[in-house]
Amino acid sequence: MRTVQLTAIIEREGDGYVALCPDVDVASQGASIEEARTNLVEAVELFFETASESEIKTRVHTEVLVTRLEVAVG
């Protein structure tokens with residue numbers, strides 16, 4: 001079994017946290033940052049275990065850029 005490094009974006013939403021892996025468009029959630037991260041790892045691993053090769057090829061993004069934007073508001 002091999003491992004790969006993927007991107008995780010975790011943000012507060014209400015009383016919990018939402019975690020997104022934009023590399024494969026998989027999301028999860030948790031009550032804490034660590035729980036959201038752990039649940040995301042589990043969800044991504046489950047995706048790779050159950051998805052067909054064609055679905056994996058379609059959904060895996062090989063280049064993901066996470067950046068900040070400065071925009072005018074108001």
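# Notebook: pocket, core and a few odd residues

**Pocket.** I started with the largest pocket, which holds about 800 Å³ of space. Note to self: this is a predicted model. I counted up who lines the largest pocket and got 21 residues, with Val4, Leu6, Val44, Glu45 and Phe48 nearest its centre. Which helix gives the most to that lining? I found that H1 does, with seven residues. Helix H1 runs 33-50 and helix H2 runs 53-59, and each of them supplies at least two residues of the lining. I then sorted the lining by class: eleven residues are nonpolar, six are charged and four are polar.

**Aromatics.** Next I went looking for ring pairs. How many aromatic pairs does a search of the whole structure find? I got one. The partners are Phe47 and Phe48, set edge-to-face with 5.2 Å centre to centre and 65° between the planes. I put that down as edge-to-face because the cut-off for this class is over 60 degrees between planes. I also checked how each partner sits. Phe47 is buried, at 7% relative accessible area, while Phe48 is partly exposed, at 32%. Phe48 had already turned up in my pocket notes, among the lining residues nearest the centre.

**Core.** Phe47 took me on to the largest nonpolar core, where it is one of eleven residues. I wrote down the others: Tyr17, Ala19, Cys21, Val24, Val26, Ala36, Leu40, Val44, Ala51 and Ile56. Strand S2 (16-21) and H1 each supply at least two residues of this core. H1 gives the most here, with four residues. I marked H1 twice in the margin, since H1 gives the most to the pocket lining too. Val44 also gets two marks: it is a member of the core, and it lies among the residues nearest the pocket centre.

**Charges.** I moved on to charged pairs. Side chains of opposite charge can pair when their charged atoms come close. My search of the whole structure for salt bridges came back with one. Which side chains meet in it? They are those of Arg59 and Glu55, at 3.0 Å from N to O. Why is the sequence spacing worth a note? The two are four residues apart in helix H2, so about one helical turn separates Arg59 from Glu55. Is each partner buried or exposed? I noted Arg59 as partly exposed, with a relative accessible area of 23%, and Glu55 as partly exposed too, at 33%.

**The loop between S2 and S3.** I looked up two residues in this loop, Pro22 and Asp25. Pro22 counts as buried, at 15% relative accessibility. I ran a C-alpha distance from Pro22 to Glu63 and got 9.8 Å, for a pair 41 residues apart along the chain. Asp25 was the backbone oddity. Most residues other than glycine have a negative phi. Asp25 is not a glycine, yet its phi is positive, at about 55°. I have Asp25 down as partly exposed, with 45% relative accessible area.

**Gln29.** After the loop I went to strand S3 (residues 26-30), where Gln29 is found. Is Gln29 buried or exposed? Its relative accessible area is 56%, so I wrote exposed, the cut-off for that being over 50%. I took the C-alpha separation from Gln29 to Gly14 and got 11 Å, with their positions 15 residues apart along the chain.

**Glu35.** My last look-up was back in helix H1, where Glu35 is found. Glu35 counts as partly exposed, at 38% relative accessibility. I checked Glu35 against Val18: 9.8 Å apart in space, C-alpha to C-alpha, and 17 residues apart in sequence.

Conventions: Residues are numbered from 1 along each chain as its sequence is written. This is a predicted model: local features need pLDDT of at least 70, side-chain atom pairs count only at pLDDT 80 or more; totals for chains, interfaces and linings use all residues. Side-chain values use heavy atoms; hydrogens and water are left out. On a 1 Å grid over the protein atoms alone, a cavity is a set of points where a 1.4 Å probe fits but cannot get out, and a pocket is an open set with protein on both sides within 12 Å along at least five of seven lines; lining residues have an atom within 4 Å of a point. Grid points are joined across faces, edges and corners, and a volume is the space filled by probe spheres set on the points. Ala, Val, Leu, Ile, Met, Phe, Trp, Tyr, Cys and Pro count as nonpolar, Asp, Glu, Lys and Arg as charged, and the others, Gly among them, as polar. Rings of Phe, Tyr and Trp (its six-membered ring) pair if their centres lie within 6.5 Å; planes under 30 degrees apart count as stacked, over 60 as edge-to-face and the rest as tilted. Buried means under 20% relative accessible area, exposed over 50%, partly exposed in between (1.4 Å probe, protein chains only). A salt bridge is a side-chain nitrogen of Lys or Arg within 4 Å of a carboxyl oxygen of Asp or Glu. A nonpolar core is a set of buried Ala, Val, Leu, Ile, Met, Phe, Trp, Tyr and Cys residues joined through side-chain atoms within 4.5 Å.
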